[in-house]
Amino acid sequence: NYIRKEFSIPADAYLIGHLARITPWKGQRVLLDAFIEYSKTNDNAYLLLIGSPLFSDSVYLKTLKKMIKNHKLENRVILPGFRTDLKELFSAMDIFVYPSIKKDTSPLALLSAICFGLPTIVSNIRSLKEVVDSCPSIDVFNIRNKNKLILLLKKHENLDIRQVNGNKNKIFGQKNFDIVAHANKIYKFLNL
């Protein structure tokens, strides 16, 4: 995978991914805090935080970078900024984490990761409840419980678990979120 080569991530590394605008309510700091602790137990784990800030959120990005530097994780936490090569980015990831801390209805990055077939961990905020309740293969954590997120990251070190959950997510995502499936349903409805 060229993404792993681009960022010097070993082919056998456990790559945890996240994709969203870099802003406090998307919860990157929650994920980074957990990764800092988790990385002490798995020196082959990497974190890919994809996205960029808008407007005044550059202060938040600087805070994240300072945390990374303070914990000497510059080589294991990658901040590539805004990217358009989502298929390749998702292909490089072993798991997708979506740690939003505030209302976040129908986030396209999360829905895309599910449709792509990535095993997924999400925060338990109310606005994600509909997706989580419909797809039991998605793991959920409370944003105030860093240890739960760390345990879920450890759980997904297991390739078999990742494959089973990823396949379930893909089937669920294609059935419920695929644009072609929705277009066909609308077409059938309009032709009745």
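How do β4 and strand β5 (residues 120-123) pair, and over how many bridges? They pair in the parallel sense, over three bridges. Keep in mind that this is a predicted model; the views below start from that pairing.

**View 1. Strand β4 between its partners β5 and β1.** Here's strand β4, residues 95-98. On the β5 side, Tyr98 sits opposite Val122. On the β1 side, two bridges do the joining, and those strands run parallel as well. Look for Ile16 there, which stands opposite Ile95 of β4. Neither face of β4 is left open: Ile95 and Val97 are buried on one side, and Phe96 and Tyr98 are buried on the other.

**View 2. Strand β2, covered on both faces.** Strand β2 takes in residues 45-50, and six of its six residues are buried. One side carries Ala45, Leu47 and Leu49, while Tyr46, Leu48 and Ile50 belong to the other, and every one of these is buried. Two strands pair with β2 in this view. Strand β1 (residues 14-19) runs parallel to β2 and is joined to it by six bridges, with Leu15 standing opposite Tyr46. Strand β3 (residues 77-81) also pairs with β2 in the parallel sense, here over three bridges. If you want a landmark on that side, find Leu48 and its bridge partner in β3, Ile78.

**View 3. The β1-α2-β2 unit.** Now add helix α2, residues 28-38, to the pair of strands. Together, β1, α2 and β2 form a β-α-β unit, and the unit is right-handed. The β1 and β2 strands in it are the ones joined by six bridges.

**View 4. Helix α5 against helix α8.** Helix α5 (residues 108-116) packs on helix α8 (residues 159-176) at an angle of about 120 degrees, and the two axes lie 6 Å apart. From α5, the residues that meet α8 are Ile114, Cys115 and Phe116. The α8 residues they meet are Asn169, Lys170, Phe172, Gly173 and Gln174. Sorted by class, this contact has four nonpolar, three polar and one charged residues.

**View 5. What surrounds α5, and what follows it.** Which residues of α5 are buried? Those are Ala109, Leu110, Leu111, Ala113, Ile114 and Cys115. Their cover comes from several elements, including β1, α4, β4, β5, α6 (129-134) and α8. Right after α5 comes Gly117, with a positive phi near 95 degrees.

**View 6. Asp85, in the loop between β3 and α4.** Asp85 belongs to the loop that links β3 and α4 (86-92). Is Asp85 buried or exposed? Asp85 counts as buried because its relative accessibility is 13%, under the 20% cut-off. Its side chain makes a polar contact of 2.8 Å with the side chain of Arg83. Leaving aside residues up to four places away in sequence, Asp85 touches Tyr2 and Ile3.

**View 7. Phe55, in the loop between β2 and α3.** This loop runs between β2 and α3 (58-70), and Phe55 is part of it. Why does Phe55 count as exposed? Its relative accessibility is 79%, and anything over 50% counts as exposed. Met67 gives you a reference point here: Phe55 and Met67 are 12 residues apart in sequence, and their C-alpha atoms are 21 Å apart in space.

Terms used: Residues are numbered from 1 along each chain as its sequence is written. This is a predicted model: local features need pLDDT of at least 70, side-chain atom pairs count only at pLDDT 80 or more; totals for chains, interfaces and linings use all residues. Side-chain values use heavy atoms; hydrogens and water are left out. Buried means under 20% relative accessible area, exposed over 50%, partly exposed in between (1.4 Å probe, protein chains only). Helices (H or I, at least four residues) and strands (E, at least two) are DSSP runs, numbered from the N terminus. Two strands pair if DSSP finds at least two bridges between them. A crossover is right-handed if, with the strands pointing away from the viewer, the path from the first strand over the helix to the second runs clockwise. Axes are lines fitted to C-alpha atoms, for helices over the stretch in contact, and angles run from 0 to 180 degrees between N-to-C directions. Contact means heavy atoms within 4.5 Å. Ala, Val, Leu, Ile, Met, Phe, Trp, Tyr, Cys and Pro count as nonpolar, Asp, Glu, Lys and Arg as charged, and the others, Gly among them, as polar. A polar contact is a pair of N or O atoms within 3.5 Å; within protein, one must be able to donate a hydrogen and the other to accept it, and residues adjacent in sequence count only if both atoms are side-chain atoms.
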